[in-house]
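Dear colleague,

Please find below the structure I said I would hand over, followed by a summary of what turned up when I went through it.

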Amino acid sequence: MASAQSSVPAGMENFTVGLIGMGDMGRMYAERLSEAGWRILACDREDRYDSLKEKYNGKKNIEILRNGHLVSRASDYIIYSVEAAFIDRVIAQYGPSTKMGAIVGGQTSCKSPEIEAFEAHLPSDVYIVSCHSLHGPGVDPQNQPLVLIQHRAPDEALRKVEIVLSCLKSKYVHLTAQEHDRITADTQAVTHAAFLSMGKAWHANRQYPWELSRYVGGIENVKMNIMLRIYSQKWHVYAGLAILNPEARKQVSQYAKSTTELYKLMLEGNFDDLKARIYGARDRVFGASKSWASRPLLEPSILTAFSLGTPTPEEPARPNNHLSLLAMVDCWAALGIVPYDHMLCSTPLFRLRLGVTEHLFRNTEMLDETLRTAVDDKRYRSDDLEFTFAARGWAECVTLGHFETWEKRFVSTQEFFQPRFADAKKVGDEMMKKVQASMDEALKMEDK
Ligand SMILES: NC(=O)C1=CN([C@@H]2O[C@H](COP(=O)(O)OP(=O)(O)OC[C@H]3O[C@@H](n4cnc5c(N)ncnc54)[C@H](OP(=O)(O)O)[C@@H]3O)[C@@H](O)[C@H]2O)C=CC1
Ligand SMILES: O=C(O)C(=O)Cc1ccc(O)cc1
């Protein structure tokens, strides 16, 4: 069964990997693992059996089966790659068919419900080792973090999972389910709230921000690009991550609270209190971090490279008050979160989101100009009002656990920005490559 470039070690030639859910992540795993020589049994919903079978017919060690029962009974390691909101239902359906002694894991972005479902529905004679690739399906997994959760399994089972997934060339991070959920809430949930709100605010004002002025600075362009990238993904990925993660609610609510309080200080024209609050937050979030002290996540030249147009005397660079970024740091400070503590578990997009925030806070002159603009420049008031509404709207949705409302909010804005996604992806890939190269360089320096 092993292919020419097989990475299947002796003794595991007959080891079979089962994939339930052949969406973006499931397909990425199926294709990469099969290329490394592993035998794959995979399924999606039964009505996709014929189309999937045709797509993978006779190719790359992948056999498509009709449903998860057939995958579960014949696989030695089964990965559920379905929507987080369905995980309980799907595991309840197929879990009892799991082969005796097999290893089972899931790819959902939030681990508490997944682990609960495994415990509730899997037979006691199977092992649980879960996983989470901390990147989207279009990103090369090499050197990206891959969380492994040895929940109910001997070391030998974990070792087998490590061997199978080694072909992804990711960096393993071993965590408990609870640690995983805490870290992803502190990093992804907070920063998603910021960029989801940004998109909603622009949409509410019916603005394509890149069309507002002839010169768009690097920081603005990176912000827009990250926003577009988030809205170009499937809604359920971000909804699941926020709504189902028991740790995320507090973070998303605090983000809305921080936004509202900062906005009120701006309306009052209270420069001194705003400055004291933001400087205090900066010191708490960035002050003790060694990596902040050593080098920036985003080289300033990267940001400059992504400016659009050139400032002219008629169209000079226009300062912004960056409420979205100020609120992110205020939120982390209020919750005692230092995002650098979680860099081992950071996604490429998170590094970009933190990088752009860090860029603003590293530069005292720019930060002061931002605070001045916040108080003095009334041209941003309506954008910021919409932004504040948006942040509160997302927080309410997450607190109430309303998936349907969340979907409607997301999809309506997704439709508004749809025409820009293809271009944004090209530029975004370029940005992430540069951030990755800069991080690899920093790691090399630390190793010396
Ligand atoms: N996309 C990302 O960036 C990342 C996603 N994840 C997580 O990985 C998981 C999968 O995400 P992703 O691949 O992007 O999502 P997709 O929506 O692309 O894939 C999920 C697939 O599972 C299918 N499915 C649902 N129910 C069943 C069932 N009973 N049997 C078989 N298949 C079923 C879905 O069908 P249908 O569409 O009809 O429901 C869909 O094809 C999610 O939990 C997500 O949070 C993790 C890391 C990154
Ligand atoms: O938004 C991010 O940080 C991403 O890089 C995309 C992503 C979304 C969900 C995940 O579970 C993992 C990665």
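Lys-169 is a convenient place to begin: the residue is exposed, with a relative accessible area of 52%, and please bear in mind throughout that this is a predicted model. Lys-169 sits in the loop between α6 (155-165) and β8 (171-174), and although it is not a glycine, it has a positive phi of about 60 degrees. Most residues other than glycine have a negative phi.

A second residue with this feature is His-322, which is likewise not a glycine and has a positive phi of about 45 degrees. Its place is in the loop between α13 and α14, and His-322 is buried, with a relative accessible area of 4%. Lys-169 and His-322 thus share the sign of phi, while Lys-169 is exposed and His-322 is buried.

His-322 also leads to the second largest pocket, which holds about 920 Å³ of space. Of the 39 residues in the lining of this pocket, the closest to its centre are Glu-220, Arg-318, Asn-320, His-322 and Tyr-380. The elements that each give two or more residues to this lining are α7 (177-204), α8 (218-231), α13 (300-305), α14 (323-335), α16 (364-376) and α17 (381-400), and the largest share, 5 residues, comes from α8. By class, the lining of the second largest pocket divides into 18 nonpolar, 14 polar and 7 charged residues.

Turning to enclosed space, there is 1 cavity of 30 Å³ or more, and the largest cavity has a volume of about 70 Å³. Its lining is made up of Ala-189, His-192, Ala-193, Leu-196, Tyr-238, Ala-242, Val-252, Trp-394, Val-398 and Trp-406. At least two lining residues come from each of α7, α9 (235-243) and α17, with α7 giving the most, 4 residues. In contrast to the pocket, whose lining includes 7 charged residues, the cavity lining has no charged residues, its make-up being 9 nonpolar and 1 polar. You may wish to note that α7 and α17 appear both among the elements that line the second largest pocket and among those that line the largest cavity.

Helix α17 also holds Asp-384. What is the nearest side chain of opposite charge to this residue, and how far away is it? It is Arg-381, 5.3 Å away, and Asp-384 is buried yet has no salt bridge; the pair does not qualify because a salt bridge requires the nitrogen and the carboxyl oxygen to be within 4 Å. Leaving aside neighbours within four places in sequence, Asp-384 is in contact with Tyr-263, Met-266, Asn-321 and Leu-323.

As for charge pairs that do meet, the structure holds 22 salt bridges, and the following are some that I looked at individually. Glu-63 forms one with Arg-39, the closest N and O atoms being 3.3 Å apart. This pair links distant parts of the chain, with Glu-63 in strand β3 (residues 62-64) and Arg-39 in strand β2 (residues 39-43), 24 residues apart. Both partners are partly exposed: Glu-63 has a relative accessible area of 37%, and Arg-39 one of 27%.

Within helix α15 (residues 348-362), Arg-362 and Glu-358 lie 4 residues apart, about one turn of the helix, and their side chains meet in a salt bridge of 3.5 Å, N to O. Here the two partners fall into separate accessibility classes, since Arg-362 is partly exposed at 29% relative accessible area, whereas Glu-358 is buried at 1%.

Another pair within a helix is Asp-423 and Lys-426, whose closest N and O atoms are 3.8 Å apart in their salt bridge. The two are 3 residues apart in helix α19 (residues 421-447), so about one helical turn separates them. Asp-423 counts as partly exposed at 43% relative accessibility, and Lys-426 is exposed at 59%.

Finally, salt bridges also occur in a network, in which Lys-257, Glu-261, Arg-277 and Asp-330 are linked.

With best regards

Technical notes. Residues numbered from 1 in each chain as written. Chains lettered and ligands numbered in written order. Predicted model: local features only at pLDDT ≥ 70, side-chain atom pairs only at ≥ 80, totals over all residues. Heavy atoms only, no water. 1 Å grid on protein atoms, 1.4 Å probe; cavity = no way out; pocket = protein on both sides within 12 Å on 5 of 7 lines; lining within 4 Å. Points joined across faces, edges and corners; volume = space filled by probe spheres on them. Nonpolar A, V, L, I, M, F, W, Y, C, P; charged D, E, K, R; others polar. Buried < 20%, exposed > 50% of the residue type's maximum accessible area, 1.4 Å probe, protein only. Lys, Arg positive; Asp, Glu negative; His and termini not counted. Contact = heavy atoms within 4.5 Å.
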